[in-house]
Amino acid sequence: MIRKIIAVCLVSAAVVSCRKETAVSDIKPVNDSIAKNEAPEDQYKPIDTACSSENKTEDYITALQWYRTKIDKEIAGNSPEQNNKVYEDYVKIRDKYTDCFNDSQTEILDKYIDYHTGPDTYNLPDNIKKMAAELNKVGLEFREMGEGFTEIHSLPRYYESVFKNKVTPDYSAYISQMAKDNKENYAINGGLMITWEELGDRLIVWENLMNKYPKSQLIKSITDNYYSYLSDYLLGMDSDLIYDSEEGKIFDDKMEEYNRIIKKYPNSRTAKKTKELIAAYDAHTPENQIGEKLNLRR
């Protein structure tokens, strides 16, 4: 299930299972042995993706800028299939550097909420404004996650801006949908931050991707995203329940959405599982047995 307390559908904009993997050989620092006739920029060696207290903000910024330049040169001469791999490796590297940013900037991140003076308005000190500008140069931003937490994340459409029309159709569709999903926080404090109708439509998009690209290298991530959303859609969230125990029925707003999805996409897996949910409640199945009865992965 999507994170219930603090969640942003950031399935990694990324290949979500890859955040803690090491970067592979297609993208790695230049060799320590530098030819004397190389240009100064070719002699640069980016810092290790392993976090170190010795690394400064500018070290990470410079490394990210170097990798972006390297990536742009690579993808210009590659086939779409080759760029699929470049994309995956690039996500791993950026995720590692972003983790290091978050680890090294805890003081700023802990205080960031204090500068929030209203919806989308802030009174940031000059040093944080400067840092925000530096982050933006490499496609990163401060993002409030709810309950006073702030993290550094890639801009929602960053990878789309880099790899648009440079990868195969399945990767292009995946990257584009991740950008849309990550545009705003998905859920905060166990409550959905998008509408239930938006969640239903999002489910259909991921279901269509599953059906269209069953042999894609991304099929596991696509499938995981779909079933995570489906779980929230049918079983609810900590602060967004499906069933009104006092009234003995599914909440009206949820039922309205379920009827819409069944009518609009009658042959979809989402509609099939939604009908199973309604039938389970009609049969007075105990709430704690609903998930097992639905068997969402089948």
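Let's start at the tail end of the chain: Asn-295 sits in the segment that follows H11. This is a predicted model, and in it Asn-295 has a positive phi of about 45° despite not being a glycine. That's worth a glance, because most residues other than glycine have a negative phi. With a relative accessibility of 32%, Asn-295 counts as partly exposed.

Step back a little and you meet another residue of this kind. His-284 is in the loop between H10 and helix H11 (287-294). The phi of His-284 is positive too, near 60°, and again the residue is not a glycine. His-284 counts as exposed, since its relative accessibility is 67%.

Now zoom out. The protein has 11 helices and 9 strands. Of its 298 residues, 48% are buried. If you take the contacts between residues at least 6 apart in sequence, 67% of them join residues at least 24 apart. We'll run into several such long-range links along the way.

Helix H2 (residues 80-104) is a good place to go next. How far apart should the ends of H2 be? At 1.5 Å a residue, its 25 residues should span 36 Å, and the end C-alpha atoms are indeed 36 Å apart, so expectation and model agree. H2 is also largely enclosed by the rest of the structure, because 19 of its 25 residues are buried.

One of the residues in H2 is Cys-100, and that brings us to the sulfur chemistry. A search of the whole structure turns up 1 disulfide. Cys-51 and Cys-100 form it, with their sulfur atoms 2.1 Å apart. The link is left-handed, with -95° about the S-S bond. What does the pair tie together? Cys-51 lies in the loop between strand E1 (6-7) and helix H1 (57-77), while Cys-100 is in H2, so the bond connects parts that are 49 residues apart in sequence. The two ends sit in different surroundings: Cys-100 is buried, at a relative accessible area of 1%, whereas Cys-51 is partly exposed, at 42%.

From there, move over to helix H1, where you'll find Ile-61. Is Ile-61 buried or exposed? Its relative accessible area is 4%; because buried means under 20%, Ile-61 falls in the buried class. Set aside neighbours within four places in sequence, and Ile-61 is in contact with Phe-101, Glu-134, Leu-135 and Val-138. Take Leu-135 as an example: Leu-135 and Ile-61 are 74 residues apart along the chain, yet their C-alpha atoms are separated by 7.3 Å.

Phe-101, one of those partners of Ile-61, is a handy guide to the interior. The largest nonpolar core has 73 residues, and Phe-101, Phe-142 and Phe-163 are the ones that touch the most other members. Look at Phe-163 in particular. Leaving out residues up to four places away in sequence, Phe-163 touches Ile-71, Ile-75, Asn-83, Val-86, Tyr-87, Tyr-90 and Ile-175.

Phe-101 turns up once more among the rings, as a member of one aromatic cluster with Tyr-44, Tyr-60, Trp-66, Tyr-67 and Tyr-97. In the whole structure, a search finds 19 aromatic pairs. One of them is Tyr-174 with Trp-206, an edge-to-face pair at 5.8 Å centre to centre and 75° between the planes. Tyr-174 belongs to helix H6 (residues 169-181) and Trp-206 to helix H7, so to speak a bridge between distant parts of the chain, 32 residues apart. Tyr-174 and Trp-206 are both buried. There's also a ring with a charge over it: the charged end of Arg-94 sits over Tyr-158, 3.8 Å from the centre of the ring.

Let's finish with helix H9 (residues 252-264). Its 13 residues should span 18 Å at 1.5 Å a residue, and the end C-alpha atoms are 18 Å apart, which fits. Which residues of H9 are buried? They are Lys-254, Glu-257, Tyr-258, Arg-260, Ile-261 and Ile-262. And what covers them? The cover includes helix H7 (196-212), helix H8 (219-235), strand E9 (249-250) and helix H10 (269-282).

Note on methods:
Residues numbered from 1 in each chain as written. Predicted model: local features only at pLDDT ≥ 70, side-chain atom pairs only at ≥ 80, totals over all residues. Heavy atoms only, no water. Helix = DSSP H or I, 4+ residues; strand = E, 2+ residues; numbered from the N terminus. Expected span 1.5 Å × (residues − 1). Buried < 20%, exposed > 50% of the residue type's maximum accessible area, 1.4 Å probe, protein only. Contact = heavy atoms within 4.5 Å. Core = buried A, V, L, I, M, F, W, Y, C linked by side-chain atoms within 4.5 Å. Phe/Tyr/Trp six-rings, centres within 6.5 Å; stacked < 30°, edge-to-face > 60°. Lys NZ or Arg CZ within 6 Å of the ring centre and 35° of its normal. Disulfide = S-S within 2.5 Å.
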